[in-house]
Amino acid sequence: MKTHLPGFILLFWILSSHSPSPLHMRPLFNGKNLQGWDTYIGPPYDSLQNKFSGESPGLNADPSGLFSVVQEDGRAAIRISGEHFGGISTKSAFANYHLRLEFKWGKKKWHPKKSSARDSGLLYHAVGPHAGDGAVWMRSQEFQIQEGDCGDYWGVAGAFADIPARKKNGNDYMYDPGSSLLTFKENTPIGRHCIKDPDAENPSGTWNTIDLYCSGDTSIHMVNGEVTMILYNLRQATGEKISPLTKGKIQIQSEGAEVFYRNISISNIQRLPVSLLTQNQ
């Protein structure tokens, strides 16, 4: 006997299995203050000695107002001035989620990146001390947010992953869903950086939408509705010990450029949307 699913059940199955838009999201930024977030600022940059040195303000000490809540384009946003290297991180840890946020570049840039592309970054599954990488950031997987490179991957402070990629030129590797998995890890010939594909970032000064999907040891980077990379076997190295890295805090970098973030929200997911896993195949 042939049976049929009721229409509303079939619709729910299609949405939950294939749609990149979740049914329920909850805000991580309340639009009023930085409640639910910690700030961390590393040591100042010494332009004369061309290095970071001196005392770090550390955790939840922000004398220069590196992180603030402002009105930008008529809506509440977190402003990160970029004047010092640091990060703002959730107090809670998360696993198996869809994170969505919007960002827009400001105008100001600071040494040592005053002559470089504007830079920030979304660090996820962040664990361990805040000064794990470069005396500033936690061990984490990085969804790169940088002019022209939005959607790239970096392994931070011992985090690494497997990504289907091909050699682009020199020592650079680019995401390619049709290629074999390569391990991106620091202190290896391939290194810890993989270039996204495609380039989906909007022009500087306009808003961009970032979607990050994490399920088990797999994650998906999306920029403005385009899948730019899928990562597998997310893990970490602690000395000789290798273990999965599938849960942690969310940290947003201050890295030499003024940037605004708004509409930061998250929802729990049970699996990755099929439509995203096959988008570029």
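# A tour from Cys150 to strand β22

Select Cys150: its relative accessibility is 0%, so Cys150 counts as buried. The model is a predicted one, and every value given on this tour is computed from it.

**Cysteines**

Keep Cys150 on screen and add Cys214. Cys214 is in no disulfide, and the nearest cysteine sulfur to its own, 15 Å away, belongs to Cys150. With a relative accessible area of 1%, Cys214 is buried. How many disulfides does a search of the whole structure find? The search finds zero. Cys150 fits that result: Cys150 is in no disulfide, and the nearest cysteine sulfur, 14 Å away, is that of Cys194.

**The open sheet**

Next, colour the strands by number. Eight of them form an open sheet with antiparallel pairing, in the order β5-β2-β8-β21-β10-β11-β12-β16. Which strands are at the edges? The edge strands are β5, residues 58-59, and β16, residues 193-194, and each pairs on one side only.

Go to the β16 edge. There β16 pairs with β12, residues 153-156, through two bridges in the antiparallel sense. To see this pairing at residue level, select Trp154 and His193: Trp154 stands opposite His193 in β16. As background, strands of a sheet pair through backbone hydrogen bonds, either parallel or antiparallel.

**Strand β22**

Now select residues 257-268, which make up β22. Is this strand enclosed or open to the outside? Of the 12 residues of β22, 10 are buried, so the strand is largely enclosed by the rest of the structure.

Three pairings of β22 can be visited in turn.

- Select residues 26-27, strand β1: two bridges join β1 to β22, and the two strands run antiparallel. Pro27 stands opposite Ser265 in β22.
- Select residues 75-80, strand β7: this strand pairs with β22 over three bridges, in the antiparallel sense. Here the bridge partner of Ile78 is Tyr261 in β22.
- Select residues 97-109, strand β9: nine bridges pair β9 with β22, again in the antiparallel sense. Show Trp105 as sticks, and look for Val259 in β22 opposite it.

**The loop before β22**

Step back along the chain to Glu255. This residue is found in the loop between β21, residues 249-254, and β22. Its relative accessibility is 11%, so Glu255 counts as buried. Which residues does Glu255 touch, leaving aside its neighbours within four places in sequence? Glu255 is in contact with Gly82, Phe85, Lys113, Asp119, Ser120 and Trp137.

From that list, pick Lys113. The side chains of Glu255 and Lys113 make a polar contact at 3.1 Å. The pair also forms a salt bridge, with the closest N and O atoms 3.1 Å apart. Lys113 lies in the loop between β9 and β10 (119-127) and Glu255 in the loop between β21 and β22, so the pair ties together parts that are 142 residues apart in sequence. Both partners are buried; for Lys113 the relative accessible area is 18%.

Keep Lys113 selected and add Asp119. These two form a salt bridge as well, with the closest N and O atoms 2.4 Å apart. Asp119 is buried, its relative accessible area being 2%. Lys113 therefore has a salt bridge to Asp119 and a salt bridge to Glu255, and Asp119 is also in contact with Glu255.

**Other salt bridges**

How many salt bridges does the count come to? It comes to 11 salt bridges. In general, side chains of opposite charge can pair when their charged atoms come close.

Return to strand β9 and select Arg100, then Asp211. Their side chains meet in a salt bridge, at 2.7 Å from N to O. Arg100 belongs to strand β9 and Asp211 to strand β17, residues 208-215, and this pair links distant parts of the chain, 111 residues apart. Are the two partners buried or exposed? Arg100 is partly exposed, with a relative accessible area of 26%, whereas Asp211, at 4% relative accessibility, counts as buried.

For the last stop, select Glu72, Asp73 and Lys104 together. A network of salt bridges links these three residues.

Key:
Residues numbered from 1 in each chain as written. Predicted model: local features only at pLDDT ≥ 70, side-chain atom pairs only at ≥ 80, totals over all residues. Heavy atoms only, no water. Helix = DSSP H or I, 4+ residues; strand = E, 2+ residues; numbered from the N terminus. Buried < 20%, exposed > 50% of the residue type's maximum accessible area, 1.4 Å probe, protein only. Polar contact = N/O pair within 3.5 Å; in protein donor to acceptor, adjacent residues only side chain to side chain. Contact = heavy atoms within 4.5 Å. Pairing = 2+ DSSP bridges. Disulfide = S-S within 2.5 Å. Salt bridge = Lys/Arg side-chain N within 4 Å of Asp/Glu carboxyl O.
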